Amino acid sequence: MINIIKQQRNTRAVAVSPVAEYIKSHFAVIAIFALIAISAVFLSCSKPSPQTPANKVQKDDSSVALALMNMKQVEKANFQCAEYVNQDSNTYQLSPTGFWYFITNKADNQAEEITEDKRVEIFYTVGLFDGTLIEDTQTEFIYSANGVKHNSTNEEQHILLPCFQFMLPLLKQGEEMTAVVPYYLAYGKDGQGKVEPLTNCIIKVYVKNIQ
């Protein structure tokens, strides 16, 4: 009985032997085919890299073109303001924000300055380079570095141009400033009311009172 089992085991061993020999002798070829198959599966499962939509590219191009156009408009406005200043007999200073100015009726060191939360009353005019008057206004407000705050008791709250945010801290009570202001610190690229787009202007502001 034991001999029969041994013979069966030997027979099975002989039966498996050709397969083992085939694998052994063709191991390199099988390994190559397996590697190719795995690579094919991996490539078929991997997602292609997302591509930028055509409309997105056009939008980015438009944004760049718009930025360049705005830059050219700003450069042109700065040149026009500098040209006006060069033709004037007064001596101007150029502010860091882009407007030219000079101050008359200079006050002494003891004069009240425009600082945070001060109540300020001013007179000002806005005109064009050709002398056309746009505004002639008296207004009162509370100054803040983050923007002027009007007195809540005022029935009519006048909106100041952006340039006033930078002009007012340069002034003391009793002083008057004349400023040549590019459009981007005044009525903007779109203009306002009867003021045409991209309008540079001359602003004269007198500080009547500071409390």
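This section describes the pairing of strand β3 and the nonpolar cores in a predicted model.

Strand β3, which spans residues 119-127, pairs with two strands. With β4 (residues 133-142) the pairing is antiparallel and extends over 9 bridges. Within this pair, G127 lies opposite L133 of β4. The two strands form a hairpin in which 5 residues separate β3 from β4. The turn includes G131, whose phi is positive, at about 95°. Strand β3 also pairs with β7 (residues 201-210), again in the antiparallel sense, here over 8 bridges. In this second pairing, I122 of β3 stands opposite V207 of β7.

The largest nonpolar core of the model comprises 29 residues. The members that touch the most other members are I122, F164, M177, V181 and I203. Two or more residues are contributed by each of β2 (100-104), β3, α4 (164-167), β6 (176-181) and β7. Among these elements, β7 provides the largest share, with 5 residues. Thus I122 appears both in the pairing with β7, opposite V207, and among the core residues that touch the most other members.

The surroundings of I203 were examined further. When residues up to four places away in sequence are not counted, I203 touches T125 and V126, together with L161, C163, F164 and M167. The remaining contacts of I203 are with M177, T178, A179 and V181. Three of these partners, F164, M177 and V181, are themselves listed with I203 among the residues that touch the most other core members. Apart from the largest core lies another one, of 6 residues, including C81, Y92, V180 and I202.

Note on methods. Residues numbered from 1 in each chain as written. Predicted model: local features only at pLDDT ≥ 70, side-chain atom pairs only at ≥ 80, totals over all residues. Heavy atoms only, no water. Pairing = 2+ DSSP bridges. Helix = DSSP H or I, 4+ residues; strand = E, 2+ residues; numbered from the N terminus. Core = buried A, V, L, I, M, F, W, Y, C linked by side-chain atoms within 4.5 Å. Buried < 20%, exposed > 50% of the residue type's maximum accessible area, 1.4 Å probe, protein only. Contact = heavy atoms within 4.5 Å.
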